[in-house]
Amino acid sequence: MRFNLYLIIFLLFFENALTDDWNIINIEDNTKYFEIESYDSLNYIISGEFQQKIGNQIDWFTFIKKTKDAGKLWEFVWKNNFSIPDNIEVDKPFKLSMLTKDIIINGTEHGLILRTSNSGETWDTTNFGSNTKCNALSFYDKIHGAAFFSLTDYIAMSDDSGKSWSKISKPIIEDFDIN
């Protein structure tokens with residue numbers, strides 16, 4: 001009886017939260033999205049890849065887009081190797097973190113952490129080796145963050161908003177008795 005009362009109250013007061021507050025924004029054909037992050041209610045970044053025909057060939061290109069107006073307009077801040085040196089192979093932007101409106105951190109599938117402090121005009125690169133992938137990227141404030149790299153199973157820490165990274169030892173799982 002008590003559960004039913006709570007359910008009725010929830011449905012009466014929170015009905016709009018479940019339906020009216022969600023908007024579908026700019027869904028494009030031939031586009032796959034990977035991840036979205038926000039700095040505040042207006043500033044978001046989203047990563048993905050899109051298909052484009054060049055001559056007779058169809059290729060996939062990766063990107064990061066940014067909005068400053070809650071998704072009304074989106075602009076590219078990173079597109080494939082845009083602003084990245086030609087000798088660095090960058091494929092998919094796997095993990096994103098938006099520390100400020102201008103500072104974006106991008107962990108890729110080829111062991112790179114890319115950082116911009118000017119909304120994507122230029123990017124600094126930290127290379128952890130192409131035989132690894134950034135599977136997790138997390139900042140608990142604007143200064144301190146961590147990244148986990150699979151295939152090599154190591155962790156990198158930053159205490160300067162992603163400007164530099166230090167490898168740390170991974171947690172060791174000791175045998176334990178499940179009985």
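Contact here means heavy atoms within 4.5 Å. The exercises below use a predicted model.

## Exercise 1. The surroundings of W165

**Task.** List what W165 touches beyond its neighbours within four places in sequence, then place W165 in a core.

**Solution.**
- Step 1. Set aside the residues within four places of W165 in sequence. The contacts are then I105, I113, T126, F128, L137, F139, G145, A146, A147, A156, M157 and S158.
- Step 2. Turn to the largest nonpolar core. This core has 13 residues. W165 is among the members that touch the most other members, along with I105, I113, F128, L137, A147 and F149.
- Step 3. Find the strands that supply this core. β9, β10 and β11 each give at least two residues. β9 gives the most, with 3 residues.
- Step 4. Look for a further core. Another one, of 10 residues, lies apart from the first and includes I45, W78, L96 and M98.
- Background: in soluble globular proteins, nonpolar side chains tend to be buried together.

## Exercise 2. The sheet from β9 to β12

**Task.** Work out the strand order of this open sheet, and follow the pairing from β9 through β10 to β11.

**Solution.**
- Step 1. Write the order. The 4 strands run β9-β10-β11-β12, with antiparallel pairing.
- Step 2. Mark the edges. β9 (133-139) and β12 (166-168) each pair on one side only.
- Step 3. Add the twist. Neighbouring strands are turned by 25° against each other on average, direction ignored.
- Step 4. Join β9 to β10. Strand β10 covers residues 145-150, and 6 bridges link it to β9. K133 has S150 as its bridge partner. L137 stands opposite A147. The two strands form a hairpin with 5 residues between them.
- Step 5. Join β10 to β11. Strand β11 spans residues 154-158 and pairs antiparallel with β10 over 5 bridges. A147 has A156 as its bridge partner in β11. This hairpin has 3 residues between its strands, and L151 in the turn has a positive phi of about 75°.

## Exercise 3. Strand β7 and its partners

**Task.** Decide how covered β7 is, sort its residues by direction, and name the strands that pair with β7.

**Solution.**
- Step 1. Count the buried residues. β7 covers residues 112-116, and 5 of its 5 residues are buried.
- Step 2. Recall the rule. In a regular strand the side chains alternate between the two faces of the sheet.
- Step 3. Sort the residues. L112, L114 and T116 point one way, while I113 and R115 point the other way. All are buried.
- Step 4. Take the β6 side. Strand β6 (residues 104-108) pairs antiparallel with β7 over 4 bridges. I105 is bridged to R115 in β7. The hairpin has 3 residues between the strands, and G111 takes a positive phi near 75°.
- Step 5. Take the β8 side. Strand β8 (residues 124-127) runs antiparallel to β7, and 4 bridges join them. L112 has N127 as its bridge partner.

## Exercise 4. Aromatic pairs and charges over rings

**Task.** Classify the pairs F50–F63 and F128–F149, then find two lysines that lie over rings.

**Solution.**
- Step 1. Choose the descriptors. A pair of aromatic rings is described by the distance of the centres and the angle of the planes. The whole structure holds 8 aromatic pairs.
- Step 2. Classify F50 and F63. Their centres are 5.9 Å apart, with 45° between the planes, and the pair is tilted. F50 lies in β2 (residues 44-54) and F63 in β3 (residues 57-67), so the pair ties together parts 13 residues apart in sequence. Both residues are buried.
- Step 3. Classify F128 and F149. The centres are 4.6 Å apart and the planes lie at 35°, so this pair is tilted. F128 is in the loop between β8 and β9 and F149 in β10, so the pair ties together parts 21 residues apart in sequence.
- Step 4. Check burial. The cut-off for buried is under 20% relative accessible area. F128 is at 10%, so F128 counts as buried. F149 is at 0% and is buried too.
- Step 5. Extend to a cluster. Y33, F50, F63 and F76 form one aromatic cluster.
- Step 6. Add the lysines. K65 lies over the face of F76, at 4.9 Å from the ring centre. The charged end of K167 sits over the ring of Y154, 4.3 Å from its centre.

## Exercise 5. Is T31 buried or exposed?

**Task.** Locate T31, judge its burial and list its contacts.

**Solution.**
- Step 1. T31 belongs to strand β1 (residues 31-38).
- Step 2. Its relative accessibility is 16%, so T31 counts as buried.
- Step 3. Not counting residues up to four places away in sequence, T31 touches E49, F50 and F63.

Key: Residues are numbered from 1 along each chain as its sequence is written. This is a predicted model: local features need pLDDT of at least 70, side-chain atom pairs count only at pLDDT 80 or more; totals for chains, interfaces and linings use all residues. Side-chain values use heavy atoms; hydrogens and water are left out. Two strands pair if DSSP finds at least two bridges between them. Axes are lines fitted to C-alpha atoms, for helices over the stretch in contact, and angles run from 0 to 180 degrees between N-to-C directions. Buried means under 20% relative accessible area, exposed over 50%, partly exposed in between (1.4 Å probe, protein chains only). A nonpolar core is a set of buried Ala, Val, Leu, Ile, Met, Phe, Trp, Tyr and Cys residues joined through side-chain atoms within 4.5 Å. Rings of Phe, Tyr and Trp (its six-membered ring) pair if their centres lie within 6.5 Å; planes under 30 degrees apart count as stacked, over 60 as edge-to-face and the rest as tilted. A charge sits over a ring if NZ of Lys or CZ of Arg is within 6 Å of the ring centre and within 35 degrees of the ring normal.
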